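User: I am new to this structure and would like to know how the descriptions of it are justified. Please take me through the reasoning.

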Amino acid sequence: MKKVIFKNSNGDLIFTISVNFKEKTVSKAEVEKDRIEISKIYYPDIEAPSYTSLERLIAHYCDKDGCDLETLISHIEENGFYTPYRPNLRIYVERG
Amino acid sequence: MKRLALTKEGTLTYCVAKDENIGKGRCNHIAHKRDEESVEEFVIRAEKDLNNSIRVLDLKNLIDVDGLNTIPNATLGDDGVIRLNEGKSFGSPKMVGNQFKGDLIIDNKGFTFKKFVKLDRLNPLINGHWRHGMDYSNSSITEDICSRFIESISNTGIKSVLYNFSIFDLGNGIETGTISDNYMEENVSEELAIAPNSEREDMKNFRVTFDEYYDNVATENDYNKILESMIDFFGRYRVKPDIAKKFIIQQAGLDLILGNEDRKKNPSNFIFLIPSSIKEDVIPLNMDYGRCLQIFWTETSESRIEDMPDSEDVINEIAMEEAKNFSGGGLFGGNNLKESVDFLIDNGFEPFNLDKEKFLASFNNLEEKISKHGLKFKNYIKLKKKFIEEILDNKEIKRMLKGGY
């Protein structure tokens with residue numbers, strides 16, 4: 001289980017979503033107050049998140065279509081995240 | 001002369017370098033106080049520059065799953081060419097549009113900048129060729145000219161992206177394109193306003209469909225109906241009606257003068273800056289001027305005119321002829337110029353305060369870059385210069401300029 005945390009480049013929290021790689025499931029997103037609009041921009045399926053849509057989204061951001069979510073998240077955890085498609089978005093990963 | 005300046009380490013000291021020596025030799029400053037700035041204004045700007053610089057350094061070593069730099073590094077050489085550093089790969093093919101684009105971290109003698117690069121090369125995902133003519137294959141020149149035009153107006157009333165013509169070597173030999181600053185400020189996301197008919201993951205959230213835009217704007221000829229629809233579309237993204245109208249009219253003013261052929265028919269050329277907090281205003285952004293000031297000109301035209309003894313006269317004649325038929329561009333252009341100007345003025349257009357001398361002088365810089373690298377656009381640039389001079393001399397266009405010129 002890992003927590004995927006979406007922040008802006010100032011470090012302000014936007015939303016958090018937990019991912020269970022074994023069961024290939026995701027939790028409901030915890031969206032910060034007043035941040036639903038920007039959350040929808042960063043993750044259009046925020047209101048009905050799924051493992052598949054999160055995998056597709058992050059693979060798209062990383063220009064790695066078809067890459068599995070676990071590989072992408074592990075890479076982000078170790079190396080950090082930046083995408084030219086959303087230059088102000090940062091993704092952080094925490095265990096738990 | 002000494003002026004307040006910011007060092008790389010973040011301290012403010014006085015710089016005694018002459019203007020021409022700024023950033024060279026013993027000057028280790030990354031920002032200098034401008035004459036028109038107060039000390040307070042400079043300190044605010046300097047802090048912002050320093051923060052940006054730190055952020056760029058943070059991003060510099062990020063790698064992707066394949067071990068490549070996420071944002072490739074390049075170096076600006078003494079010859080003015082931006083060269084990709086060894087072992088790097090440039091470009092983000094999924095960026096919307098025909099041109100190949102991407103971010104680049106550029107080192108310039110110890111200073112590091114992150115820039116958005118738009119090459120004149122086609123996006124590799126597009127199979128095909130540019131349509132014939134330099135207006136298609138070398139739109140970077142037009143974008144530079146239009147950016148300098150916008151920069152020479154003190155009161156456009158709207159936020160605009162400014163592009164600079166640049167020469168690159170990104171692993172494909174010498175090529176041309178533009179660089180621009182990242183136009184997104186902190187806490188802001190940039191969003192295309194109208195669906196570009198795409199099924200992409202991050203583009204599912206459009207509040208205006210391609211068909212709606214096509215029916216109500218792209219194919220509509222009634223200016224009032226177009227304005228009404230656009231204000232409605234902007235409103236769906238929380239842009240207040242008065243801000244929307246002001247933006248649409250002022251942008252249309254620029255597009256009319258610059259003959260922009262890529263606004264009305266292209267829904268992907270409307271962009272908003274959306275703040276992360278719902279309490280802050282959404283800001284429309286003016287961008288993309290590659291299809292302005294269109295005159296058909298090819299490499300063959302360029303080389304033929306070189307051999308003509310009276311090339312200057314021929315260029316002037318072509319430009320004057322084109323300007324005679326000029327009917328403007330943008331949402332409210334392309335038909336009767338007088339009616340377009342009347343419509344804009346009736347809807348609150350604020351005439352532009354243009355520093356014409358500054359604008360025309362900016363062509364020297366462009367010509368210098370071209371000639372330094374032996375690029376064959378010299379006459380094309382002269383043609384564009386004469387063309388816009390003629391447009392600015394048009395009696396209807398003069399109504400849009402303060403003082404009328």
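User: What makes the radius of gyration of chain A agree with that of a compact globule?

Analyst: This is a predicted model, and the values are computed from it. A compact globule of 96 residues would have a radius of gyration near 12 Å, and chain A has 12 Å, so the two agree. Along the principal axes, the C-alpha atoms of chain A fill a box of roughly 30 × 25 × 20 Å.

User: How many helices and strands does chain A have, and in which pattern do they follow along the sequence?

Analyst: Chain A has three helices and five strands. Their pattern along the sequence is β-β-β-β-α-α-α-β.

User: How do you know whether chain B agrees with the globule rule?

Analyst: The reasoning is that a compact globule with 405 residues would have a radius of gyration near 22 Å; chain B has 22 Å, and therefore agrees. The box filled by the C-alpha atoms of chain B is roughly 60 × 60 × 50 Å along the principal axes. Chain B contains twelve helices and 13 strands.

User: What makes up the contact of chain A with chain B?

Analyst: Chain A gives 30 residues to the contact and chain B gives 29 residues. On the side of chain A that touches chain B, the elements giving two or more residues are α1 (36–42), α2 (51–61) and α3 (69–79) of chain A. The residues on that side of chain A are twelve nonpolar, nine polar and nine charged.

User: Into which domains is chain B divided, and how many residues of each are in contact?

Analyst: The assignment divides chain B into domain 1 (3–60) and domain 2 (73–180). The centres of these two domains of chain B, taken over C-alpha atoms, are separated by 25 Å. Seven residues of domain 1 of chain B are in contact with seven residues of domain 2 of chain B. On the domain 1 side, helix α1 (residues 39–60) of chain B gives the most, with five residues. That side of domain 1 of chain B has four nonpolar, two polar and one charged residues.

User: Why is α8(B) called oblique to α11(B)?

Analyst: The axes of helix α8 (residues 311–324) and helix α11 (residues 378–392) of chain B come within 8 Å and cross at roughly 45°. Angles under 35 degrees would count as roughly parallel, and 65 to 115 as roughly perpendicular. The crossing at roughly 45° therefore makes α8(B) oblique to α11(B). The crossing is right-handed.

User: Which residues meet where α8(B) touches α11(B)?

Analyst: Among them are B:Ile315, B:Ile318 and B:Met320 in α8(B), and B:Leu383, B:Phe387 and B:Ile391 in α11(B). By class, the contact of α8(B) with α11(B) has eight nonpolar, three polar and four charged residues.

User: Why are α5(B) and α6(B) called oblique to each other?

Analyst: Helix α5 (residues 223–235) and helix α6 (residues 241–258) of chain B pack at an angle of about 125°, with their axes 9 Å apart. Roughly perpendicular covers 65 to 115 degrees, and roughly antiparallel needs over 145. The angle of about 125° fits neither class, so α5(B) and α6(B) are oblique to each other. α5(B) passes α6(B) in a right-handed crossing.

User: Which residues form the contact of α5(B) with α6(B)?

Analyst: B:Leu227, B:Met230, B:Ile231, B:Phe234 and B:Gly235 in α5(B) meet B:Pro241, B:Ala244, B:Lys245 and B:Ile248 in α6(B). Seven nonpolar, one polar and one charged residues make up this contact of α5(B) with α6(B). Gly counts as polar and Lys as charged, which places B:Gly235 and B:Lys245 in those two classes.

Note on methods: Residues numbered from 1 in each chain as written. Chains lettered and ligands numbered in written order. Predicted model: local features only at pLDDT ≥ 70, side-chain atom pairs only at ≥ 80, totals over all residues. Helix = DSSP H or I, 4+ residues; strand = E, 2+ residues; numbered from the N terminus. Domains from an automatic or database assignment. Axes fitted to C-alpha atoms, helices over the stretch in contact; angles between N-to-C directions. Left-handed = near helix turned anticlockwise from the far one by under 90°. Rg over C-alpha atoms; globule rule 2.2 N^0.38 Å.
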